[in-house]
Amino acid sequence: MSFCQFFGGEIYKDHFKPGMYVCSKCNHPLFSSRSKFAHSSPWPAFRDTIREDSVTKMMETLTAFKVLCGKCGNGLGHEFVNDGPEEGVSRF
């Protein structure tokens, strides 16, 4: 996930084949394709992680957490609170 690019180079945004998304540095399991959903952001969007320890989160603002790989600490992006596909669901 750390290879995401903003300017049209992100290849997994519209990729919905079944599978597992893992950390690009240590292969730690992060997200299942079952939790992936279409979103207007330029990056892939997920509703939840595979396991509670898949990621580490640090509060950045009242509505966003910085998200790191739960195993190696690789930066993955953010969790946006209450910005998921349903009310009360976050978006990674």
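The questions and answers below cover a three-stranded sheet, one residue in it and a nonpolar core.

The model is predicted, with local features needing pLDDT of at least 70, side-chain atom pairs counting only at pLDDT 80 or more, and totals for chains, interfaces and linings using all residues. Residues are numbered from 1 along each chain as its sequence is written, and side-chain values use heavy atoms, leaving out hydrogens and water.

Biologist: What is the order of the strands in the open sheet?

Modeller: Strands are DSSP runs (E, at least two residues), numbered from the N terminus. Two of them pair if DSSP finds at least two bridges between them. Pairing in this open sheet is antiparallel, and the order is β5-β6-β7.

Biologist: Which strands stand at the edges?

Modeller: Each edge strand has a single partner, so one side of each is left without a neighbour in the sheet. These are β5 (55–61) and β7 (75–80).

Biologist: Which residue in β6 is the bridge partner of methionine 58?

Modeller: Methionine 58 lies in strand β5. Six bridges join β5 to β6 (residues 64–69), and the two run antiparallel. The partner in β6 is lysine 66.

Biologist: Is methionine 58 buried or exposed?

Modeller: Buried means under 20% relative accessible area, exposed over 50%, and partly exposed in between (1.4 Å probe, protein chains only). Methionine 58 has 43%, so the residue is partly exposed.

Biologist: Which elements give two or more residues to the largest nonpolar core?

Modeller: Such a core is a set of buried Ala, Val, Leu, Ile, Met, Phe, Trp, Tyr and Cys residues joined through side-chain atoms within 4.5 Å. The largest has ten residues, among them Phe31, Val67 and Phe92. The elements are β2 (29–32) and β6.

Terms used
Helices (H or I, at least four residues) and strands (E, at least two) are DSSP runs, numbered from the N terminus.
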